[in-house]
Amino acid sequence: MLISENDVRLPVDTICIDEKAAMRLVIDHLTLQGHKEIGYIGEYSSDVRYRAYLEVMRERALPVRDNHVKRGKERFELGGYLRAKELIQEPDASKVTAVVACYDQVALGALNAFLEAGVQVPTDISVVGFDNIILNDYLPIQLTSISSPTEQLSSLAVKLLMANIKEGENHVVQNVSLLPRLIVRDST
C-alpha cells in the first residue's frame with residue numbers, strides 16, 4: 001500500500017490526491033477573484049504539483065512567466081522564504097497578484113518574506129498552499145489551502161489493506177485518486 005502525492009503507478013495498491021483537480025480549484029478560485037498573473041513557489045521535489053500548475057495555467061490560457069516561477073532545492077519555510085525573496089526582486093514583481101505554493105509550509109515562508117518586504121497579503125498578493133496543516137488556525141493571516149479528504153483516505157487505506165490480506169494473490173491492485181477541496185481563508 002502506498003499513500004502518496006506521487007503520480008507513479010506501481011503494482012501495489014495506491015491512494016493519491018488528484019493534484020490536477022486540486023490545482024484547478026486553486027487557479028479557478030484565483031481567477032474568479034480577478035487574478036491573471038499567478039506565480040508559483042516550490043521545491044524541485046514537488047514536481048507533481050508544479051506540472052499540475054503548468055497544465056492548468058495552459059488549460060485556462062493564463063500566462064506562465066519563467067521569472068514568476070521560483071523553485072529551488074530548499075524545503076519547507078526556508079524554501080518558501082527564499083523563493084518569495086527571489087520573486088520580490090524581479091523587476092516586474094508587482095505584476096504578480098497571486099502565488100501558488102507547493103505546500104503550506106512553503107507558503108508560510110513566503111508569507112514571512114512578503115511581510116518583511118511590506119507586501120500586504122491579500123491586498124497586494126494572494127497566497128494559496130496545499131495540505132491544510134493545522135497550524136493555519138494559529139496564523140495572523142490564515143492561509144487558503146487545499147485540503148485532502150483524510151478520513152476518506154484513511155478508511156479506504158484500511159479497506160484496501162484488508163482486501164489485500166483476505167484475497168492474497170487474487171487481489172486486484174487498486175490505484176485510487178481522491179478529490180480534494182479548497183478551504184478559503186484570509187490569504188486570498
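**Sheet pairing and helix packing in a predicted model**

Trainee: In this predicted model, in which sense do strand 3 and strand 5 pair?

Mentor: Strand 3 covers residues 38–43 and strand 5 covers residues 98–101, and the two are joined over 4 bridges. Within this pair, Y40 stands opposite V100 of strand 5. The sense of the pairing is parallel.

Trainee: Which strands stand at the edges of the sheet?

Mentor: The sheet is open, its 6 strands follow the order 4-3-5-6-7-9, and the pairing is mixed. A strand at the edge has a single partner strand, so one side of it is left without a neighbour in the sheet. The two that stand there are strand 4 (69–72) and strand 9 (181–183).

Trainee: What angle does the direction of helix 2 make with that of strand 3?

Mentor: Helix 2, residues 47–59, packs on the sheet and touches strand 3, strand 4 and strand 6. Its direction, compared with that of strand 3, gives an angle of about 165°.

Trainee: Is helix 3 roughly parallel or oblique to helix 4?

Mentor: Helix 3 (residues 76–88) and helix 4 (residues 104–116) pack with their axes 6 Å apart and at an angle of about 45°. Angles under 35 degrees would count as roughly parallel, and the angle found here therefore makes helix 3, relative to helix 4, oblique.

Trainee: How many residues of the contact of helix 3 with helix 4 are nonpolar?

Mentor: The crossing of helix 3 and helix 4 is right-handed, and the contact includes F76, Y81 and I88 of helix 3 as well as V106, L108 and F114 of helix 4. Of the residues in this contact, 4 are polar and 3 charged, while the nonpolar ones number 9.

Methods: Residues numbered from 1 in each chain as written. Predicted model: local features only at pLDDT ≥ 70, side-chain atom pairs only at ≥ 80, totals over all residues. Heavy atoms only, no water. Pairing = 2+ DSSP bridges. Contact = heavy atoms within 4.5 Å. Axes fitted to C-alpha atoms, helices over the stretch in contact; angles between N-to-C directions. Parallel < 35°, antiparallel > 145°, perpendicular 65-115°, else oblique. Left-handed = near helix turned anticlockwise from the far one by under 90°. Nonpolar A, V, L, I, M, F, W, Y, C, P; charged D, E, K, R; others polar.
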